[in-house]
Amino acid sequence: MFGIKGSRWFVLCLFMIVCAWPTGTLAAGPVPPPPTCITVLPAITTECASNSQPQTSHVASAESKHSSQARVFSVAATPSLARSLVGEVNRVRRAHHLRPLATSARLSRAATGHATALATAGMFTHSWPTTGRLFSSWIRTFYPAQGYRTWKVGENLLWSSPGFTSADAVQQWLDSPTHRRVLLTSSWRELGIGVVFAVSAPGAYGGQDVQIAAAEFGLRQ
């Protein structure tokens with residue numbers, strides 16, 4: 001845990017590889033929702049060989065004497081920040097003498113969809129929150145393995161209240177050995193990032209306004 005300008009930052013680490021079958025187990029403890037934080041979920045990667053088959057918030061204002069209005073949950077994608085994150089990931093990869101990654105529309109849809117679902121369900125997990133499908137399963141809906149000799153995917157997640165810059169997010173991933181390994185894996189060829197902003201996010205987010213980022217890394221050959 002690192003203290004930065006009064007904020008609390010939480011990093012948890014896990015690395016998982018699944019070869020030649022679609023499912024695996026992922027154990028992650030609950031993530032406490034601090035008032036101001038960046039939280040990074042355990043990173044995850046999955047790969048298959050050729051014959052495998054696809055896997056009250058604290059509001060800083062007093063109530064009005066005349067009226068009080070409940071905050072209503074809403075979530076919206078922030079594609080400009082997602083593009084900035086892609087650029088920052090590639091800048092860091094170049095600095096480590098690794099090839100930059102091509103933006104994948106499929107992985108971008110996966111990332112935005114997963115971040116939106118997490119915000120709506122009030123959960124923070126690599127699994128799909130409404131169905132419990134493991135990452136190695138649901139990602140294939142967006143990024144199929146069929147027809148490719150080699151298929152490999154990875155995901156880094158992060159949420160923050162009140163928010164983060166692209167440099168903040170990438171630095172948090174770099175500061176976690178497992179997330180760093182995913183981000184700097186030389187074999188990746190494609191990348192899709194989704195970022196959403198949620199107002200009064202439920203569940204794990206404690207009714208806070210939060211930003212959630214999902215980064216999906218991929219290789220298909």
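Biologist: Over which ring does the charged end of Arg-220 sit?

Modeller: Good place to start! This is a predicted model, and in it the charged end of Arg-220 sits over the ring of Tyr-143, with 4.2 Å to the ring centre. Lys-152 has a ring partner too: its charged end lies over Trp-188, 5.1 Å from the centre of that ring.

Biologist: How many aromatic pairs does a search of the whole structure find?

Modeller: The search finds 6 aromatic pairs. One of them joins Trp-128 and Trp-138.

Biologist: And by what is a pair of aromatic rings described?

Modeller: Two quantities do the job: the distance of the centres and the angle of the planes. For Trp-128 and Trp-138 these are 5.0 Å centre to centre and 65° between the planes. The pair counts as edge-to-face because its angle is over 60 degrees.

Biologist: Which parts does the pair of Trp-128 and Trp-138 tie together?

Modeller: Trp-128 belongs to the loop between α2 (105–121) and α3 (135–142), while Trp-138 is in helix α3, so the contact links parts that are 10 residues apart in sequence. The two also belong to one aromatic cluster, together with Phe-135 and Phe-142.

Biologist: Are Trp-128 and Trp-138 buried or exposed?

Modeller: Trp-128 is buried, at a relative accessible area of 17%. Trp-138 is buried as well, with a value of 2%.

Biologist: How many residues of α3 are buried?

Modeller: The count is 6 of 8, so this helix is mostly covered. Its buried residues are Phe-135, Ser-136, Ser-137, Trp-138, Ile-139 and Arg-140. Among them, Phe-135 and Trp-138 are members of the aromatic cluster we just met.

Terms used. Residues numbered from 1 in each chain as written. Predicted model: local features only at pLDDT ≥ 70, side-chain atom pairs only at ≥ 80, totals over all residues. Heavy atoms only, no water. Phe/Tyr/Trp six-rings, centres within 6.5 Å; stacked < 30°, edge-to-face > 60°. Helix = DSSP H or I, 4+ residues; strand = E, 2+ residues; numbered from the N terminus. Buried < 20%, exposed > 50% of the residue type's maximum accessible area, 1.4 Å probe, protein only. Lys NZ or Arg CZ within 6 Å of the ring centre and 35° of its normal.
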